[in-house]
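User: Hi! Could you walk me through this structure? I'm new to this.

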Amino acid sequence: MANASNTNHSRIYKHNPLPVPTKATFAAVVLLCGAIGFIGNTLVLVFERKKRKAADTPSKRRAFERSLTLYLLKSLALTDLLCSLMGPPLYLNMLYENHTENWHCVVNSILIFCFPIITILNLVVISLDRYMAVFHPFRTFTRAFAKKLVMAAWIVGAILAVVLALPVKNMYTELDESVYTFLCIGSSKEVWEKVVIGVITILVYLVPNAIMFYAAVTVSRFLRKRSREIQDSANIHSNNSQGRRFKHTKMFINVIFAFCIPYSFFFVYNLVKRFAGLELSYELDFTIRMSGGVLATSNSCINPIIYLFSYKDFRRELRNIICPWQVVNDESRQRQDLYMAGRSEGRKRAGPNLPNILEQESNTIETRP
């Protein structure tokens with residue numbers, strides 16, 4: 001590698017000389033993930049808005065304000081929605097557009113890094129909230145404190161994205177003896193560039209991953225242990241009251257694992273390549289880095305699928321949006337179930353000596369001339 005000023009003009013320039021099938025595959029996957037993420041996270045935000053509007057009484061409003069689930073879900077869905085909107089055009093820009101200046105690479109990198117980093121910090125807030133709710137319920141986050149943490153996640157994430165993109169430059173790359181290209185990659189020639197990459201790696205990857213993995217693993221082990229204890233316990237009412245504290249925790253743990261695994265692949269490869277001096281061909285290196293980036297940002301389309309299978313209220317609301325004609329039938333069925341439950345409870349309170357009204361009506365009809 002060398003700077004653009006050292007370009008050997010006897011070579012032929014090719015912009016991103018990847019095979020056409022590889023480019024087409026990446027483009028199709030990116031566009032598909034973007035479409036699924038946009039639709040899914042839009043539905044999540046619509047669901048949150050409807051739940052907020054449904055809290056139309058003081059008691060419902062207090063219950064809505066006490067629960068952090070929908071607030072954290074809204075912040076995460078918003079970052080995922082922006083990832084779904086910004087990701088596809090930026091990745092397609094990397095595949096097909098020609099960057100000629102360093103600032104092109106910096107701006108493109110800021111937009112690529114920004115929302116995934118904000119997602120990471122949002123997941124750190126969710127990890128801490130779930131950990132405190134499970135192991136320290138009397139010191140769990142208040143809604144006001146959670147709002148401050150989420151706002152800090154957005155601000156700090158944007159700042160870290162800008163700092164991380166500063167060392168990115170449009171680097172001259174020799175592919176073989178006759179072909180060269182330019183590639184937007186992080187430079188580590190200057191001392192300050194090495195410091196920035198090292199510090200940001202710690203702040204954006206090592207520390208958040210350690211927090212998320214520790215919280216997710218310990219909470220998962222606790223929930224499995226609790227599930228076994230519930231199966232052996234006869235105190236159903238106590239289990240139900242405790243269960244409210246752990247509501248939706250498993251869903252958030254699945255979201256954390258779904259993000260950490262592909263995100264780790266992206267960062268581990270970049271760390272190994274940078275510090276171990278790994279030398280790969282241009283095509284293989286670009287394919288691995290692009291695959292890691294797409295995997296990390298594809299989490300924006302995976303999260304709504306996790307909500308669909310883990311969040312009963314979201315699943316019901318989604319069914320109502322897709323099949324609105326079933327809402328009336330469900331409401332009628334619920335009224336009928338409540339009516340039958342009330343009659344059953346009335347019979348129990350009346351005692352066994354009270355004759356059955358239905359049997360009396362049936363006998364009356366049969367004895368009519």
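Analyst: Happy to; we'll go through a few residues, the cores, one helix pair and a database record. This is a predicted model, where local features need pLDDT of at least 70, side-chain atom pairs count only at pLDDT 80 or more, and totals for chains, interfaces and linings use all residues. Residues are numbered from 1 along each chain as its sequence is written, and side-chain values use heavy atoms, with hydrogens and water left out.

User: Cool. Where is asparagine 122 found?

Analyst: Asparagine 122 is in helix α4, residues 102–135. Helices here are DSSP runs (H or I, at least four residues; strands are E, at least two), numbered from the N terminus.

User: Is asparagine 122 buried or exposed?

Analyst: Asparagine 122 counts as buried because its relative accessibility is 3%. Buried means under 20% relative accessible area, exposed over 50%, and partly exposed in between, using a 1.4 Å probe and protein chains only.

User: And what does asparagine 122 touch?

Analyst: Not counting residues up to four places away in sequence, asparagine 122 touches Ser75, Leu76, Thr79, Val150, Ala153 and Trp154. Contact means heavy atoms within 4.5 Å.

User: New topic: how many residues has the largest nonpolar core?

Analyst: The largest nonpolar core has 48 residues, and Leu72, Leu73, Leu123, Val204 and Tyr307 have the most contacts inside it. Such a core is a set of buried Ala, Val, Leu, Ile, Met, Phe, Trp, Tyr and Cys residues joined through side-chain atoms within 4.5 Å.

User: Which helix gives the most to this core?

Analyst: That's α4, with 11 residues. There is also a second, separate core of 14 residues, with Leu18, Phe26, Val30 and Leu95 among them.

User: How do α1 and α9 pack?

Analyst: The axes of α1 and helix α9 (residues 282–297) are 11 Å apart, at an angle of about 10°. Axes are lines fitted to C-alpha atoms, for helices over the stretch in contact, and angles run from 0 to 180 degrees between N-to-C directions. So α1 is roughly parallel to α9, a label for angles under 35 degrees (over 145 is roughly antiparallel, 65 to 115 roughly perpendicular and the rest oblique).

User: Which residues make the contact?

Analyst: Thr22, Phe26, Val29 and Val30 of α1 meet Thr287, Met290, Ser291 and Val294 of α9.

User: Last one: which residues does the UniProt annotation "transmembrane region" cover?

Analyst: In the unreviewed UniProt entry, that annotation covers several spans, including residues 68–87 and 251–272. UniProt positions follow the numbering used here, feature names are shortened, and annotations may be inferred rather than shown by experiment. In the model, residues 251–272 are 100% helix and 0% strand, with end C-alpha atoms 32 Å apart.
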